[in-house]
Amino acid sequence: MSEKRLSLSPARFLSARRRHRSAGLVVLLFGLLAVGSAYSAFAPDNAVADNTAQSQQIEEGKKLFAVGCASCHGLNAEGGGNGEGKEAGPSLIGVGAAAVDFQVGTGRMPAMQPGAQIPRKTPSYTPAEIEALAAYVASLAPGPAVPAEESYDISKVTDEQVTRGGELFRTNCTACHNFAGKGGALPNGRYAPSLMNVDPKHIYEAMLTGPQQMPVFSDQVLQPDDKRDVIAYLKALEEQKDPGGFGLGRLGPVSEGLWGWLVGIGLLVGVAVWIGAKGVKAKGAKAE
Amino acid sequence: MNDEKANLPAVSAEQGHDSQVVLAEPIPDPGIEPHELRITDIDPKAADRVERQVSTMFGLAGLLALGSCVAYFAIPRDATLVFGPLTGNANNLALGLCLGLSLFLIGIGAIQWAKKLMVDTEIAEERHDAHSTPQQKTEIIDAFQEGVAESGFTRRKMIRRSLIAAMGLLGLPAIVLLRDLGPLPGRALYNTIWAKGIRVVNDVTLRPIKPSDLIVGQLVNAAPANLEPILEESHTEYQNAKAKAAVIVVRIEPDKIRAQAGRENWGVDGILCYSKICTHVGCPISLYEQTTHHVLCPCHQSTFDLADGAKVIFGPAARPLPQLPLAVDSEGYLVAQSGFTEPVGASFWERG
């Protein structure tokens, strides 16, 4: 009997004992073992993969930083001098990914030369490289992250919200950027740039991080909805037509006055001179 | 006598007491220059040509006037013209161009007509004498005296005096009505609606602010929390109150702040609050540079250093921006320790 039992195939062995009273327990143990080993086989692998991708990006960003940014901002982004006791570039520790994305994404960084103001230009880095740089700087210390796309998505904004954005814009932004977002002068050669045709993401990041002379408008004070409304207002301004044809830079009384004085009054003076001028006379023909 | 006369303009010898004073010309009068004829004066063909020019201009002006009416009806209101960087409303543009050109053609047509065809002989027209003749003078004086005598103005003293008194008293209402320029502002110029414990809230959104909401470099255009109830009462009062109570809140690294004597505890962890109203002529200012901590007035370029008690560092403003002492209330929001300790805005008479 016992030899006969031993000769049973494993399948038959199991099926013969499937109603054994300890079968449920055995199945449960098997199940737990299977789930446990499967978890240990897959899950740690995923985490390692994520970490690797992120650290690779940070590593790549660090390399890009060492080549393109370290000469001014220091090898470890601690800020650097120009060798004459002046600051060449500020410390980037704690500025966050949003600041990097704004500065590099609008082409302001890397700067071509130090000066009163670093101008906007065509970006020198690809989006992937900017992401890597941002990841590296963000890894140094916590700071504002690049905003999520839905926080500056203005496709569903209502007219009422645009109006509210206008109110916020006129209260907080027009002092420097002009009532039509055309920018304006600041002391010592600095200026507030025009806000026309700026990527909504970059407008958001500028408010969040306060680049160059601009003050910060943190998300706690000017909340994401407020920022979105301001962006929507700016985009509405961009689309607004100038009914007269000439916007004259939308700079207000300065350009309008200049136009009125030089062109308008100039034209009137010209006509007055023409009216008063003597016409052509017939030579030698004197009146009797 | 002769010496005195030497300083007077030379007078002709034969003039008597009442004769006219004739001033000698400082330079000899060259008279009118000889008249020269124009081509249109001697050549009838040229004159006809100019006539055609002028009538063409007038004709075109008429057509353009009609054209503007056509454009008004024919071009849709929302049609847009795009011409390179210029955009415009097609209806507006056509209407304006037609009417403008029409008026312009009428104008230059008229000038061309006057210059080329109308008679252009020069004539001199002397000014008439400004003074009356002795006869006119005596006549007027006689008539006045006669009127005085006939009215009895000098004889009937009671009438004259009562009339003078009435006329004098009529001046009084004019002076009394000046009272409507008042009432005097009293202490209104010294106070704003800020007071102890009033929360600092965002302008527009009216959300209260916690110190942790603000990071270094932050600027908040803010208002007092007790502004909102005023809006429900009266819009005018609301605007008046807001115009005086508007403030800017900034956060500066604490080690960069040079606190003024007696104001050491007016900030909260580097958060400072100043009046937004320029002390020069009262423009609202929030043109703030975060790296220099300067705030600049766009009207006349007065510049204030917020890290140094809002001291004036440039421009015509005479005194620093008033500072609002800040504290934190039991719920952690920013509040005023008290109202402003000095008047906000421009200087005024009593303040000096």
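User: What makes domain 1 and domain 2 of chain B "domains" here?

Analyst: The bounds of a domain come from an automatic or database domain assignment. For chain B of this predicted model, that gives domain 1 at 39–116 and domain 2 at 200–351. Taken over C-alpha atoms, the centres of domain 1 of chain B and domain 2 of chain B are 57 Å apart.

User: Why is helix H9 of chain A called mostly covered?

Analyst: A residue is buried if 20 or more other C-beta atoms lie within 10 Å of its own. In H9(A), residues 200–209, 10 of 10 residues are buried, so "mostly covered" fits by that cut-off. Among them are Lys201(A), Tyr204(A) and Leu208(A).

User: What covers the buried residues of H9(A)?

Analyst: The cover includes helix H5 (96–105) and helix H10 (224–239) of chain A. Right after H9(A) you'll find Gly210(A), with a positive phi near 60°.

User: How do you know which residues belong to the contact of chain A and chain B?

Analyst: Two residues are in contact if their C-beta atoms lie within 7 Å. By that test the contact takes 41 residues from chain B and 31 residues from chain A. On the side of chain B that touches chain A, H4(B) gives the most, with 5 residues.

User: What makes up that side of chain B by class?

Analyst: There are 18 nonpolar, 15 polar and 8 charged residues on the side of chain B that touches chain A. Gly counts as polar in this scheme, so any Gly there goes into the polar group.

Conventions
Residues numbered from 1 in each chain as written. Chains lettered and ligands numbered in written order. Predicted model: local features only at pLDDT ≥ 70, side-chain atom pairs only at ≥ 80, totals over all residues. Buried ≥ 20, exposed ≤ 12 C-beta atoms within 10 Å, placed from the backbone. Helix = DSSP H or I, 4+ residues; strand = E, 2+ residues; numbered from the N terminus.
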